[in-house]
Amino acid sequence: MIYDGYDFSDLLVVERVERSLLPGLTVNTSNVPGKDGTSFRSVTVDALTINVDVRIIAPADGAANQKLRFELARREIAGHLLKRRPCELVVDDAPDLVYTASLTGSTDLERFVYTGGTTLEFSCVEPYGVGRTVKRSASPSQDSEASEVDQAFVRANVGGNYPTAPIV
């Protein structure tokens with residue numbers, strides 16, 4: 001898992017990533033005087049919630065060393081997770097997508113000897129993943145015998161899971 005550019009692989013083991021197939025959908029309608037029922041206006045996509053089950057594993061020799069190593073790992077993780085703004089999130093089951101997310105809810109730690117687990121709940125106000133940034137370039141070509149310059153074409157697959165266009 002990568003959050004705000006920090007890769008947590010050395011500190012956390014991601015056990016499971018859970019998200020719904022689609023975020024909640026809200027159908028917006030309006031009443032029309034004299035008409036039975038309502039008239040359809042639009043569909044709005046709600047925020048997406050991604051739950052990530054993680055485990056801190058900090059083995060060390062001796063009970064005192066285990067407690068200390070675990071506590072140091074917990075503090076480091078907490079320092080990297082606390083953000084006061086939405087940040088980029090990349091989860092292990094979809095490494096080709098970037099979500100804009102904020103950590104929400106409780107992060108109660110269930111501890112057992114030198115390991116501890118919790119569920120990190122991320123709220124994605126933009127309910128879609130964006131394809132990772134890929135840069136491509138193209139240059140027009142000129143035939144050695146012709147004086148005309150051919151156009152340059154590049155086919156782009158922007159990735160992600162929401163309708164979009166590439167930035168050119």
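## Met1 and its contacts

Leaving aside neighbours within four places in sequence, Met1 is in contact with Tyr6, Asp7, Phe8, Leu12, Val14, Val52, Leu81, Leu89, Val90, Asp92, Leu120 and Phe122. The model is predicted. Several of these partners return below as members of the core.

## The nonpolar core

The largest nonpolar core has 26 residues. Within this core, Met1, Ile50, Val52, Leu81, Leu89 and Phe122 touch the most other members. Two or more core residues come from each of β3 (12–19), β6 (48–57), α1 (63–81), β7 (87–90), β8 (97–104) and β10 (115–124). The largest share belongs to β6, with 5 residues.

In soluble globular proteins, nonpolar side chains tend to be buried together. Met1 can be read in both lists: Val52, Leu81, Leu89 and Phe122 are among its contacts, and these four residues are also named among the core members that touch the most others.

## Chain layout

The chain has 1 helix and 13 strands. From the N terminus on, the order of elements is β-β-β-β-β-β-α-β-β-β-β-β-β-β. The chain has 168 residues, and 24% of them are buried.

Contacts across the sequence deserve a separate word. Among contacts with a separation of 6 or more, 61% join residues 24 or more positions apart.

## Cysteines

The whole structure contains 0 disulfides. Cys87 is nevertheless buried, at a relative accessible area of 3%. Cys124 has 0% relative accessibility and therefore counts as buried, since the limit is under 20%.

## Asp4 and Glu88

Asp4 sits in the loop between β1 (2–3) and β2 (6–7). Its phi is positive, at about 55 degrees, although Asp4 is not a glycine. Most residues other than glycine have a negative phi. Asp4 is partly exposed, because its relative accessible area of 30% falls between the 20% and 50% limits.

Asp4 is also one of the residues that Glu88 touches. Glu88 is in strand β7. Not counting residues up to four places away in sequence, Glu88 touches Ile2, Tyr3, Asp4, Val98 and Tyr99. For Val98, the C-alpha to C-alpha distance from Glu88 is 6.1 Å, with their positions 10 residues apart in sequence counted as separation. Glu88 has 55% relative accessibility, over the 50% limit, so Glu88 counts as exposed.

## The second largest pocket

The second largest pocket holds about 290 Å³ of space. Its lining has 18 residues. Ala78, Leu81, Leu103, Thr107 and Leu120 lie nearest the centre of this pocket. By class, the lining divides into 11 nonpolar, 5 polar and 2 charged residues.

Four elements can be named for this lining: β6, α1, β8 and β10 each supply at least two residues. The largest share, 4 residues, comes from α1. Leu81 links this pocket to earlier sections: Leu81 lies among the residues nearest the pocket centre, is listed among the core members touching the most others, and is in contact with Met1. Leu120 is likewise near the centre by that listing and in contact with Met1.

## Two loop residues

Arg84 lies in the loop between α1 and β7. Its relative accessible area is 80%, over the 50% limit, so Arg84 is exposed. Arg84 and Leu103 are 19 residues apart in sequence, and their C-alpha atoms are 9.2 Å apart in space. Leu103 is one of the residues nearest the centre of the second largest pocket.

Glu126 is placed in the loop between β10 and β11 (130–131). At 32% relative accessibility, Glu126 counts as partly exposed. The C-alpha atoms of Glu126 and Thr100 are separated by 6.4 Å, although the two residues are 26 apart along the chain.

Methods:
Residues numbered from 1 in each chain as written. Predicted model: local features only at pLDDT ≥ 70, side-chain atom pairs only at ≥ 80, totals over all residues. Heavy atoms only, no water. Disulfide = S-S within 2.5 Å. Buried < 20%, exposed > 50% of the residue type's maximum accessible area, 1.4 Å probe, protein only. Core = buried A, V, L, I, M, F, W, Y, C linked by side-chain atoms within 4.5 Å. Contact = heavy atoms within 4.5 Å. 1 Å grid on protein atoms, 1.4 Å probe; cavity = no way out; pocket = protein on both sides within 12 Å on 5 of 7 lines; lining within 4 Å. Points joined across faces, edges and corners; volume = space filled by probe spheres on them. Nonpolar A, V, L, I, M, F, W, Y, C, P; charged D, E, K, R; others polar.
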